[in-house]
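User: Could you take me through one part of this protein up close? I'd like to hear about the sheet, what packs on it, and a few spots around it.

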Amino acid sequence: MERRGHPASAQARTVPEVGLAMKSIAVANGKGGVGKTSISASLAISLGEHGHKVLLVDLDLGLANLDLILGLKPETTLRHVVRDGVGIGEVILSGPEGVDVITGGSGVKELACLDKPQLEGLFENICAAGSKYDFLVMDTASGVGENVMVFLTRADRVLIVATPDPTSIIDAFATAKVLFGERPEADVSLIVNMADDEMHGKTVFNRFKAIVGQFVNRDVSLAGVIEFDENVRRATRAREPFILKFPKAKASRQIDALVEWLVEVPEERVDNEAVSILQRMRQVCAVFKRSEKPEPEVEAAPLREAA
Ligand SMILES: Nc1ncnc2c1ncn2[C@@H]1O[C@H](COP(=O)(O)OP(=O)(O)OP(=O)(O)O)[C@@H](O)[C@H]1O
Ligand SMILES: [Mg+2]
């Protein structure tokens with residue numbers, strides 16, 4: 001893997017001592033296979049490169065595969081927390097670019113069958129560990145079950161991933177509808193993944209926004225558009241986050257743009273010169289880091305038919 005920082009390790013690490021107020025971000029979808037895990041991993045790494053302390057958690061309970069995309073072979077996972085009462089700090093691993101990671105167990109019945117109070121307890125446990133970080137990024141499961149909604153309703157921000165496929169948009173709408181039903185003030189944004197281009201992605205978003213406005217009477221924003229990029233698949237096959245494997249690929253740059261949108265200084269803080277300078281320095285450092293690295297050879301532009 002072409003690392004941009006220190007290498008990933010499957011060793012448990014201790015939770016950092018200091019940090020800022022944590023912001024929790026749940027990456028969700030309706031329909032599975034739309035790129036949620038790939039995006040969660042690259043998003044967390046880009047946040048790390050921008051100078052933020054990030055805890056990335058696999059909450060696709062029972063069908064977790066974030067460890068695969070990160071090339072990690074964890075010895076301890078959420079399974080040990082739930083089944084054996086292991087402390088959450090003991091299952092935090094060091095991932096790429098200073099990102100800390102909690103992996104889930106795959107094919108683990110104990111995780112797949114948690115009831116609501118258990119899910120709530122798990123979330124509280126994770127948040128306690130996450131309070132030492134700037135961002136808690138959660139890769140959640142597909143669908144609108146309790147195993148998803150417990151996390152979506154408690155996150156500061158929900159990023160719903162959808163592809164331009166009409167069934168994906170409808171499933172994304174279903175997720176938003178259930179979420180707003182349970183938490184009307186939820187902060188929901190859409191990531192359009194596998195779009196033909198930026199314009200196509202915006203058209204898809206406008207359709208989604210119109211449906212949500214019409215049927216749920218809520219507003220949603222566009223977090224970003226990520227184009228269909230064969231490099232994302234190549235990176236997945238290589239078990240590496242695409243932002244590290246192909247740092248200059250279009251999809252990687254679009255993740256950076258998404259992160260810049262995500263960490264944008266809120267208007268009331270713009271006056272604070274120190275905050276803006278720090279923010280700019282972080283962005284410049286992230287771009288510099290990437291431009292220093294040689295890009296692996298990228299084949300010709302992908303054909304959608306090859307997907
Ligand atoms: N922008 C993209 N361009 C091309 N391929 C993509 C893109 N985003 C994701 N993919 C590919 O789509 C497949 C599914 O991605 P991923 O596993 O991240 O989806 P998911 O939503 O997490 O799936 P699941 O519902 O199974 O958890 C992977 O092969 C990945 O490489
Ligand atoms: Mg996934």
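Analyst: Here's a walk through the sheet, the helices that pack on it and some residues in the loops around it.

First, keep in mind that this is a predicted model. The protein chain has 12 helices and eight strands. Of its 307 residues, 46% are buried. If you take the contacts between residues at least 6 apart in sequence, 79% join residues at least 24 apart.

Now the sheet. It's an open one of eight strands, in the order 3-4-2-5-1-6-7-8, and the pairing is mixed. Strand 3 and strand 8 are the edge strands, each pairing on one side only. Going from one strand to the next, the twist averages 25°.

Let's start at the strand 3 edge. Strand 3 and strand 4 run antiparallel and are joined by three bridges. Ser94 stands opposite Asp100 of strand 4 there. The loop between strand 3 (92-94) and strand 4 (100-102) holds Glu97. Here's a backbone detail to look at: Glu97 has a positive phi, near 55°, and it isn't a glycine. Is Glu97 buried or exposed? Glu97 has 22 other C-beta atoms within 10 Å, so it counts as buried.

Next, swing over to the strand 8 edge. Strand 7 and strand 8 pair in the parallel sense, over six bridges. Leu190 stands opposite Leu222 of strand 8. To get from strand 7 to strand 8, the chain passes through helix 8, and this β-α-β crossover is right-handed. Strand 8 may be an edge strand, but five of its seven residues are buried, so the rest of the structure largely encloses it.

Helix 8 itself lies across strand 6, strand 7 and strand 8, and it runs at about 140° to strand 7. Between helix 8 (198-216) and strand 8 (221-227) there's a loop, and Asn217 lies in it. Like Glu97, Asn217 has a positive phi without being a glycine; its value is about 60°. Asn217 has 9 C-beta neighbours inside 10 Å, so this one counts as exposed.

Back to Leu190 for a moment. The largest nonpolar core has 89 residues, and Leu190 is among those that touch the most other members, along with Val137, Met138, Val158, Ile160 and Phe208. Leaving out residues up to four places away in sequence, Leu190 touches Ile160, Ala162, Ala172, Phe205, Phe208, Val220, Leu222 and Ala223. So two of the names to look for in both lists are Ile160 and Phe208.

What packs on the sheet besides helix 8? Helix 1 (residues 36-49) does, touching strand 1 (23-29), strand 2 (54-59), strand 5 (135-142), strand 6 (157-162), strand 7 (188-195) and strand 8. The direction of helix 1 makes about 175° with that of strand 5. In helix 1, 14 of the 14 residues are buried, which means the rest of the structure largely encloses it. Its length checks out too: at 1.5 Å a residue, 14 residues should span 20 Å, and the end C-alpha atoms of helix 1 are 20 Å apart. After helix 1 comes Gly51, with a positive phi near 95°.

Helix 7 (residues 166-182) is another one to click on. Its 17 residues should span 24 Å at 1.5 Å a residue, and the end C-alpha atoms are 24 Å apart, which agrees. Buried residues in helix 7 include Ile169, Ala172, Phe173, Ala176 and Leu179, and also Ser168, Asp171 and Thr175. As a general point, an α-helix has 3.6 residues a turn, so residues three or four places apart point the same way. The buried residues of helix 7 pack against strand 1, helix 6 (146-152), strand 6, strand 7 and helix 8. Ala172 is also one of the residues that Leu190 touches.

Two last spots, both further along the chain. Phe246 sits in the loop between helix 10 (242-245) and helix 11 (250-262). It has 25 C-beta neighbours inside 10 Å, so Phe246 counts as buried. Phe246 and Ala235 are 11 residues apart in sequence, with 7.6 Å between their C-alpha atoms. Glu260, in helix 11, is partly exposed, with 16 other C-beta atoms within 10 Å. Glu260 also takes you back to Ala223: the two are 37 residues apart along the chain, and their C-alpha atoms are separated by 9.9 Å. Ala223 is on the list of residues touched by Leu190 as well.

Note on methods. Residues numbered from 1 in each chain as written. Chains lettered and ligands numbered in written order. Predicted model: local features only at pLDDT ≥ 70, side-chain atom pairs only at ≥ 80, totals over all residues. Helix = DSSP H or I, 4+ residues; strand = E, 2+ residues; numbered from the N terminus. Buried ≥ 20, exposed ≤ 12 C-beta atoms within 10 Å, placed from the backbone. Pairing = 2+ DSSP bridges. Axes fitted to C-alpha atoms, helices over the stretch in contact; angles between N-to-C directions. Contact = placed C-beta atoms within 7 Å. Right-handed = clockwise from strand over helix to strand, strands pointing away. Core = buried A, V, L, I, M, F, W, Y, C linked by C-beta atoms within 7 Å. Expected span 1.5 Å × (residues − 1).
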